[in-house]
Amino acid sequence: MRDAQARTIFLKDYQAPAFLIEKTELHFDLDETRTRVTSRLVLRRNPDLAGNVEDTLQLDGQDMVLESLRIDGNELSSNDYVVADESLTINSVSAFASQSPDAGFVLECVTVIKPQENTSLEGLYKSRTMFCTQCEAEGFRKITYYLDRPDVMSVFTTTIVADKDKYPVLLSNGNDIAHGDLDGGRHWVTWEDPFRKPCYLFALVAGDLKHIEDTFTTCSQRDITLRIFVEEKDLDKCDHAMDSLKHAMRWDEEVYGREYDLDIFMIVAVDDFNMGAMENKGLNIFNTSCVLANPATTTDLAFQRVEAVVAHEYFHNWSGNRVTCRDWFQLSLKEGFTVFRDAEFSADMGSRSVKRVENVSFLRTAQFAEDAGPMAHPVRPDSYMEISNFYTLTIYEKGAEVVRMIRELLGPEKFRAGSDLYFDRHDGQAVTTEDFVLAMEAASGVDLGQFRRWYTQAGTPQLKISDNYDASAQTYELLVRQSCPPTPEQSHKDAFHIPLRMSLLNADGDELPLVLSGEPAASDAPTERVLDVTSDVQSFVFKGVKSRPVPSLLRGFSAPVKLQFDYSRDDLLFIMTRDSDGFNRWSAAQDLAVAVIQEILQQHQRGQSPGIDKRLLDAVGDILRSAVADARGSGELDQAMLAQLLSLPSEAYLSELSNEIDVDGIHWARETLADALAVEHAENFADLYKLCQSDAPYSADAASIARRTLKNCCLAYLVRTQEPRWLEICYRQFNEAGNMTDADAALRLLVNSPAEAAQPLRTQALNDFYERWQHESLVVNQWFSVQAIASRPGTLAQVKLLMNHKAFDIRNPNKARALISAFCNMNAVNFHALSGEGYTFLADQVITLNRLNPQIAARLLTPLTRWQKYNQQRQHLMKAELERIQADPELSRDVYEVVSKSLKAN
Ligand code: ZN
């Protein structure tokens with residue numbers, strides 16, 4: 001690793017650009033061996049910089065050959081500029097410009113690139129038979145020399161020339177303004193995007209694509225053409241994405257007052273893609289996994305993901321494109337806000353409390369772990385080496401929680417006013433998270449001064465709450481202490497402004513009126529409040545409380561914090577059944593299950609045989625009986641929520657809660673409880689399983705998805721009994737399922753069952769599944785991951801075999817994720833085997849991918865960076881593998897940053 005590549009970029013060094021690009025004209029000559037890119041840029045000195053006399057122009061660019069360079073028609077010779085690994089520097093612009101650079105000049109540049117050799121999947125590259133681009137964050141510099149930074153915004157005109165047979169469809173941003181045929185079987189198209197945009201939103205696609213088309217009439221009665229482009233074989237998997245798009249467009253008009261602005265909106269599906277999807281102006285590019293869906297090949301979970309990602313990228317048209325980021329430290333400005341928007345959209349499309357539960361589960365396992373690890377960073381980071389490493393759960397998910405907290409503090413109406421003001425003030429600009437907060441303050445009058453620390457301080461705050469009931473004074477006190485652990489470069493933290501939504505429940509489960517001491521008593525006092533927690537220690541005293549209440553705290557997870565309150569198990573059971581807040585009912589159930597699993601684990605560690613708290617067994621029985629009664633009768637309960645209530649906390653969450661992760665102990669304790677629940681309640685699970693069957697044709701509506709989720713949750717418990725008849729029923733479900741959700745669920749259970757009788761069924765099912773779906777790449781990915789996450793011994797050997805399977809290709813990120821990532825992240829017992837073979841396996845893959853696709857290599861590395869949480873023996877093995885990676889002389893900046901930061905940690 002050379003020093004120049006290990007450089008760190010700091011927010012404090014930000015400077016506005018010395019030159020602006022008013023107009024960008026690109027000409028692509030696409031070819032199988034060499035692609036020629038001609039750019040014509042209209043530049044001028046930035047007039048907003050006082051005393052700007054800059055005459056040196058440094059453009060970003062890498063991995064290309066420069067053929068010619070002109071300014072105002074004057075050809076520059078190689079003495080007039082310097083080409084380095086990542087830049088092109090012209091020392092004196094004015095020596096070539098025909099007038100002062102203040103007035104503008106034209107830079108013409110011809111470069112040659114080789115997309116067919118580009119395995120990094122950023123810049124212009126080939127995915128199967130098509131050309132496509134990925135420019136965020138800094139991929140445009142692999143296409144041509146440019147000012148590759150989001151505060152340089154330009155109008156783009158793009159001409160694409162290519163062979164007409166192989167690439168009949170040529171797409172870019174905006175509108176098709178002209179096209180025609182050329183000699184030699186080639187053709188051309190010119191696209192023009194009237195909206196100024198940074199180059200990270202540029203896109204180009206060329207291929208033999210088919211499309212489906214629809215129209216959307218906006219709130220101001222404009223008709224928008226909607227097209228989804230795919231390979232012909234996937235035309236039958238586009239309808240769900242199109243429906244989702246139309247729902248998202250309507251929702252953004254109704255909820256945020258945002259209307260679409262171009263006359264056409266296009267989505268293209270590509271198979272090789274580093275992330276989920278990309279919001280390029282008017283031409284979103286999607287990973288096939290986030291756009292294709294049909295009942296036969298796609299699970300319910302994937303249907304929901306398609307809906308969410310289509311909406312997310314569409315919402316970026318305002319939160320990201322019309323108003324963009326000044327620099328990449330502001331990434332959460334667009335990502336946090338847009339994740340918040342898509343989460344609310346999903347909540348409105350399906351079950352609100354279930355969506356919240358899923359979100360919070362994810363946040364407090366994966367994001368909390370990131371916040372506690374060596375790569376912890378604030379929502380607005382202060383520095384980075386490689387920006388691709390900062391597309392993190394902190395930027396996305398915690399960033400969304402920060403926006404949610406602002407809404408919590410402002411209330412929905414003022415929040416909407418703040419959002420309107422933000423879009424209005426900053427339309428067409430590249431701005432900062434501070435601008436967002438300022439707009440929220442200006443529209444609401446709410447002071448977010450202390451709240452801003454959520455943007456600048458990393459780490460997950462802890463809230464330790466204790467209570468005090470004074471019967472004679474009829475007062476109830478909540479004593480709240482907050483703290484936040486140190487993170488890299490931040491040893492001390494100032495107090496956060498934490499919105500604590502809460503309520504007090506009396507013995508009947510009714511909410512009490514909440515009057516704080518010092519406030520006038522009121523007959524219409526609210527029964528739910530948001531307390532402003534702002535100091536390290538703070539006391540809230542409620543008056544007129546006639547008996548000791550049970551507090552319902554952090555309702556709806558009103559802040560991304562770790563809450564500690566010493567609830568008795570009876571309190572948890574009470575909240576679980578009586579709280580009117582659906583999220584807190586689930587949360588109490590989780591807390592109770594965590595306590596029971598931890599107790600089993602401690603007994604196990606002491607060599608005692610486990611005793612399982614009967615109260616939990618009984619509580620699950622109560623839930624099951626009410627679910628059965630409801631399924632037989634009125635069908636009023638939210639079956640997706642029931643499935644959540646019946647699901648035990650994941651091993652990942654239990655690990656996150658541990659100081660030192662006992663990998664095998666956690667697995668054993670959780671399995672022990674799950675098996676006990678299965679045996680205890682087999683009859684109820686069986687009844688519910690049968691009641692959730694349906695002959696209706698597949699539908700991806702929320703109620704049908706909920707019913708299947710609950711049904712397959714029951715089947716999972718039934719298979720745990722290891723009774724042959726349930727294995728057979730599971731196998732039958734696998735064979736006879738009319739949709740992928742039911743087939744996949746059954747397959748996973750057969751693959752995971754330790755029962756002897758499962759073994760032949762598993763082999764048969766896996767073979768049949770591959771036979772049937774070998775031509776559906778996304779289904780084959782599922783087949784890989786099902787096998788990778790089996791907790792049985794010997795799984796790593798199987799994974800290694802699969803790496804050589806003809807359907808596997810490490811260059812395809814979906815395949816790498818399906819096999820390697822799934823094994824390392826979702827199979828703790830095997831990945832963390834004390835032999836160290838799991839760690840060696842991962843390091844080998846990272847070393848391979850480092851050369852092919854650094855972004856994916858760095859991401860894959862995550863589980864090894866969490867060594868601090870394991871015992872000495874594992875720590876030693878994990879660090880040894882990190883050191884082996886670090887010794888690679890050709891480490892990419894991406895991998896270098898992650899490896900070096902994780903080895904530096906204590
Ligand atoms: Zn996004």
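**Exercise 1. Cys-713 and its surroundings**

Task: Determine whether Cys-713 counts as buried or exposed, and establish how many disulfides a search of the whole structure finds.

Solution. Cys-713 has a relative accessibility of 11%, so this residue counts as buried; the cut-off for that class is under 20%. The model examined here is a predicted one. The next step concerns bonding: searching the whole structure yields 0 disulfides. Cys-713 accordingly takes part in no disulfide, and its nearest cysteine sulfur belongs to Cys-714, 5.5 Å away. A disulfide would require the two sulfur atoms to lie within 2.5 Å. Cys-714 is likewise in no disulfide, with the sulfur of Cys-713 as the nearest one, at 5.5 Å. Cys-714 has 0% relative accessibility and therefore counts as buried.

**Exercise 2. The zinc site**

Task: Identify which atoms coordinate the zinc ion, and explain why the arrangement of its donors is classed as irregular.

Solution. Begin with the donors: NE2 of His-312, NE2 of His-316 and two OE atoms of Glu-335 coordinate the zinc ion, at distances of 1.9 to 2.7 Å. Along the sequence, these donor residues follow the spacing H-x3-H-x18-E. His-312 belongs to helix 2 (residues 300-315) and Glu-335 to helix 3 (residues 331-349), so that this pair, 23 residues apart, links distant parts of the chain. Both His-312 and Glu-335 are buried.

The geometry follows from the angles. The 4 donor atoms subtend angles of 53 to 161° around the zinc ion, and the arrangement is therefore irregular. A tetrahedral assignment would need all angles between 85 and 135 degrees.

**Exercise 3. The largest cavity**

Task: State how many cavities of 30 Å³ or more a search of the whole structure finds, and describe which residues lie nearest the centre of the largest cavity.

Solution. The search of the whole structure returns 3 cavities of 30 Å³ or more. The largest cavity holds about 120 Å³ of space. Its lining comprises 14 residues; those nearest the centre are Ala-589, Leu-616, Val-620, Leu-645 and Leu-648. Two or more lining residues come from each of helix 10 (582-605), helix 11 (614-632) and helix 12 (639-645).

**Exercise 4. Annotated domains and local backbone features**

Task: For the two spans annotated in UniProt, give the helix and strand content, and locate the loops that hold Asp-72, Ala-137 and Gln-474.

Solution. Consider residues 52-201, which an unreviewed UniProt entry annotates as "domain: Aminopeptidase N-like N-terminal". This span is 0% helix and 49% strand, with its end C-alpha atoms 28 Å apart. Asp-72 occupies the loop between strand 5 (65-71) and strand 6 (74-75). Although Asp-72 is not a glycine, its phi is positive, at about 45°. With 23% relative accessibility, Asp-72 counts as partly exposed. Further along, Glu-136 and Ala-137 are joined by a cis peptide bond with omega of about -5°. Ala-137 itself lies in the loop between strand 11 (130-134) and strand 12 (154-163).

Turn next to residues 459-565, listed by UniProt (unreviewed entry) as "domain: Peptidase M1 alanyl aminopeptidase Ig-like fold". Here the content is 0% helix and 43% strand, and the end C-alpha atoms are 20 Å apart. Gln-474 sits in the loop between strand 25 (462-470) and strand 26 (475-483). Gln-474, a residue other than glycine, has a positive phi near 55°. Its relative accessibility is 29%, and Gln-474 therefore counts as partly exposed.

Key:
Residues are numbered from 1 along each chain as its sequence is written. This is a predicted model: local features need pLDDT of at least 70, side-chain atom pairs count only at pLDDT 80 or more; totals for chains, interfaces and linings use all residues. Side-chain values use heavy atoms; hydrogens and water are left out. Buried means under 20% relative accessible area, exposed over 50%, partly exposed in between (1.4 Å probe, protein chains only). UniProt positions are given in the numbering used here, feature names are shortened, and annotations may be inferred rather than shown by experiment. Helices (H or I, at least four residues) and strands (E, at least two) are DSSP runs, numbered from the N terminus. Donors are N, O and S atoms within 2.8 Å of the metal (3.2 Å for Na, K and Ca); water is not among the atoms, so sites may look incomplete. Four donors count as tetrahedral if all angles lie between 85 and 135 degrees; four count as square planar and six as octahedral if opposite donors are over 155 degrees apart and all others between 65 and 115; anything else is irregular. On a 1 Å grid over the protein atoms alone, a cavity is a set of points where a 1.4 Å probe fits but cannot get out, and a pocket is an open set with protein on both sides within 12 Å along at least five of seven lines; lining residues have an atom within 4 Å of a point. Grid points are joined across faces, edges and corners, and a volume is the space filled by probe spheres set on the points.
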